[in-house]
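Reader: I would like a close look at one part of this model. Please pick a strand, walk me through its surroundings, and keep it brisk.

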Amino acid sequence: MTVDFITPVVDDAFTWGQIAAANSISDVFAMGGRPIVALNVVCFPTKYLELDILKNILEGGFDCVRKSGAFLVGGHSVQDDEPKYGLVVYGEVDKNKLWRTSGAKPGDKLILTKPIGTGIAITAIKAGMIEDEATRIEATESMKTLNILDLPDDLHKSVHAATDVTGFGLAGHLADMLSNDTNCDLFLSSIPAITGVKDLADMGLVPEGSYRNQAAYEKFIDVDEKKFAQSDLDMLYDAQTSGGLLLAVNPEFADKLLNYIRSKGFEQAAIIGEFKAGTDKIKIL
């Protein structure tokens, strides 16, 4: 059982509904499960915005829930000065197939299924500073894409640990995957990013949440800052909305799993790191 809701990240109400729903359902997919039932969670200022906007938000959410295979069976709404929308989601998974955040083993490959950079893109969208429409489209499409992998049994079992990349950024969620006997070598040049977001980061369009993430998680990072651009390091802490899955995978199955994930529509999925024996550090290479 999980719950999540967000404030608007795009102007179009239907699209925001899709993104908020995908973001809420993601935790079930990140545990290797399938969503069964969802409930709307809605905060909406009926005094200031037309009910047609609310209707479009809920239709967007229903569209995403339907595509996930779950049933939308109601929900709850309250008056609020700022719109917020999300879902309570109930899902199921065979206990023998459950993915946990911990469990990565030395030698495992780290796969990321979606590009990072949505936090920076959202900041630029809200500031009206995205000149390249391709960046807006790519970020929006990524955020509303459900993290459905539907893996065959052999590939499902090859995943030793998993999480999704959301508000704590890539660095924060990867730190959660470490245990007392593992480090992770992170290959910075292999990390897929939304087109144009590094240029936006260079312009200073980094969300406040990213700086909070850096303050919280830089203690886990081992990096020679002279070797990398600041915008590249900013990307590690970028607070994501409806990001991809991070998977710690048996190295014997990593290439096969990556090809399968790409065949499911996650064309930018990549192997971005490797777990090593160690003590809770992310080494940037």
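Author: What follows is a look at strand 9, and then at two residues elsewhere. Keep in mind that the model is predicted.

Start with cover. Strand 9 spans residues 245-249 and is mostly covered. Of its 5 residues, 5 are buried. The side chains split into two groups. L245, L247 and V249 point one way. L246 and A248 point the other way. Both groups are buried. In a regular strand, side chains alternate between the two faces of the sheet.

Now the partners. Strand 5, residues 109-112, pairs with strand 9 in the antiparallel sense over 4 bridges. Within strand 9, A248 has L110 opposite it. Strand 6, residues 159-164, also pairs with strand 9 in the antiparallel sense, over 5 bridges. There, D164 stands opposite L245.

Next, N40. This residue sits in strand 2, residues 34-44. N40 counts as buried because its relative accessible area is 12%, and the cut-off is under 20%. Its side chain makes a polar contact of 2.6 Å with the side chain of Y85. Beyond its neighbours within four places in sequence, N40 is in contact with several residues, including L58, L72, H76 and Y85.

Last, V73. This residue belongs to strand 3, residues 71-79. V73 counts as exposed because its relative accessible area is 55%, and the cut-off is over 50%. With L39 and F71, V73 forms a nonpolar patch on the surface. Together the three have about 300 Å² of accessible area.

Note on methods
Residues are numbered from 1 along each chain as its sequence is written. This is a predicted model: local features need pLDDT of at least 70, side-chain atom pairs count only at pLDDT 80 or more; totals for chains, interfaces and linings use all residues. Side-chain values use heavy atoms; hydrogens and water are left out. Patches are made of residues with over 30% relative accessible area and no salt bridge: like charges are joined within 9 Å, nonpolar side chains (Val, Leu, Ile, Met, Phe, Trp, Tyr) within 5 Å. Accessible areas come from the Shrake-Rupley method with a 1.4 Å probe; for residues, only the protein chains shown count as cover. A salt bridge is a side-chain nitrogen of Lys or Arg within 4 Å of a carboxyl oxygen of Asp or Glu. Buried means under 20% relative accessible area, exposed over 50%, partly exposed in between (1.4 Å probe, protein chains only). Two strands pair if DSSP finds at least two bridges between them. A polar contact is a pair of N or O atoms within 3.5 Å; within protein, one must be able to donate a hydrogen and the other to accept it, and residues adjacent in sequence count only if both atoms are side-chain atoms. Contact means heavy atoms within 4.5 Å.
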